[in-house]
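Student: Could you take me through one part of this model closely, starting from the surface of the chain and working inward to a single residue and its surroundings?

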Amino acid sequence: MTNRLKQIASHITGSADDVVITMAVRTPLGKGFKGSFKDTPVDMLVLAIMKHIVGRSGVDPSLVEDICVGNVLEASNLAYAARAASLAAGFPSTTSLHIIDRWCSSGLLATQQIANQIKAGEIDIGLAIGAESMSGSPNRAPSKISQDILEASPKAKDCTMPMGWTSENVAQRFDVGRQDQDAFAASSFQKAEAAMREGRFQAEIVPVTTVVKDKEGNGRTITVTQDEGVRPGTTAASLAKVKPAFPQWGNGYSTGGNSSQITDGAAGVLLMRRSKALELGVPILARWVTAVSVGVDPDIMGIGPAVAIPKALKKAGMTIDDVDIFEVNEAFASQALYSLRALNIPLDKVNPNGGAIALGHPLGATGARQIATGIAELRRSNKRVLCTSMCVGTGMGMASIIIRE
């Protein structure tokens, strides 16, 4: 039997030591600065996910040995706040917690971290969370890098390049035109609109009750049940009227209509060893196969998925043809479309319920959100193999392979 056949056979049969996913959920995604979560701190989004896991997972919270929270904009403060949130949610003091950050892949990295701890035999059950309140960090100062480092290498200096600039670089260097970007973005909106209309997101969304303030500062309690970024009736023609967001760079093809939205939200993934899930009688949703990270040139950071996806597939002994659904983050239409073209991935396999252009991109949450959305769609459509991927700031990419049970 060839190595590829052996790997495929192992994916079908499974083993007691497999890492499995027993719950994957997310909050609705709120519009940054003006949506329902604009006054909700990130720790409260984390709390909402934790409380749902405690209340609905069927797992005694004392059995969860470690929690990893992926976050970008408030990681240092969240190290305190998320630990407090875990105790408020009902996890005991014996459940440890840590914070992790690799830009837009933080939610996926948190999931990989927990999965790797289980694989290594360090824990049997762990919870991965990705969370971001972009509304809560409106004036985040750019990172400070020592001048000696910036002067030592042009690529080092490129790490300071704004994301919009890198998007324009990808569009110009790889000939991704404005018309194609708008068409791709319109498709994302249209798929998300159809998914919302048909109630497809209900299986993955955790309703969140919170307080939103009016212009006078008066609070009103609301329960948020659906995503806020979807714009019904969006077409390529309507997007073509949107002005360039970064006219100072490249051809100015990236716009507010064909780029990801500023968003608030969180997602959680509960993982455990298969033998533990069977012991507890907990339903298994999917099997974690692998996740990988890669590096690319910082000035074209958006091509990360084009490099990460093949690496993940190789580790899993699979090809693009083996994957049923690709959840590829739409940071910008330029980079997402380039990556898909570079790998010859059929567009009908990509983001079947829309992506970040339509739903939003809460930085630290997206990696976990993609897993929740992807698994729910695998189950709804009776498909098996999911690949998630995203580009990562400063020139990286990440991808994962997950198989539905």
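Tutor: In this predicted model, the accessible surface of the protein chain amounts to about 16,400 Å², and carbon and sulfur atoms hold 51% of that area. As for charge, the chain carries 41 positive and 38 negative side chains, with the centres of the two sets 3 Å apart. Beneath that surface, buried residues make up 58% of the 405 residues, and the C-alpha trace spans about 65 × 60 × 50 Å along its principal axes. The chain is built from 14 helices and twelve strands; its radius of gyration is 20 Å, close to the 22 Å that the globule rule gives for 405 residues, so the chain is as compact as a globular protein of that length. Among contacts with a separation of 6 or more, 81% join residues that are 24 or more positions apart.

Turning to the interior, nonpolar side chains tend to be buried together in soluble globular proteins. Here the largest nonpolar core holds 47 residues, and the members touching the most others are Phe184, Ile309, Leu313, Met318, Phe326, Ile345 and Ile401. A second core, separate from it, has 38 residues, including Ala48, Phe91, Ile129 and Ala277.

The residue I would single out for the close look is Glu327, which is found in strand β10, residues 325-328. Its relative accessible area is 1%, and because buried means under 20%, Glu327 counts as buried. Leaving aside neighbours within four places in sequence, Glu327 is in contact with Asn351, Pro352, Arg369, Gln370, Thr373, Gly374, Leu386, Cys387, Thr388 and Ser389. One of these partners, Pro352, is 25 residues from Glu327 in sequence, while the C-alpha atoms of Glu327 and Pro352 are 8.1 Å apart in space.

For a contrast with that buried glutamate, consider two loop residues. Asn344 lies in the loop between α12 (333-342) and α13 (356-359), and although Asn344 is not a glycine, its phi is positive, at about 55°. With a relative accessibility of 65%, Asn344 counts as exposed, whereas Glu327 is buried. Asp175, in the loop between α7 (163-173) and α8 (178-197), likewise has a positive phi of about 55° without being a glycine, and at 63% relative accessibility Asp175 is also classed as exposed.

Terms used
Residues numbered from 1 in each chain as written. Predicted model: local features only at pLDDT ≥ 70, side-chain atom pairs only at ≥ 80, totals over all residues. Heavy atoms only, no water. Helix = DSSP H or I, 4+ residues; strand = E, 2+ residues; numbered from the N terminus. Rg over C-alpha atoms; globule rule 2.2 N^0.38 Å. Buried < 20%, exposed > 50% of the residue type's maximum accessible area, 1.4 Å probe, protein only. Contact = heavy atoms within 4.5 Å. Areas by Shrake-Rupley, 256 points an atom, 1.4 Å probe, with all protein chains shown as cover. Lys, Arg positive; Asp, Glu negative; His and termini not counted. Charge placed at Lys NZ, Arg CZ, Asp CG, Glu CD. Core = buried A, V, L, I, M, F, W, Y, C linked by side-chain atoms within 4.5 Å.
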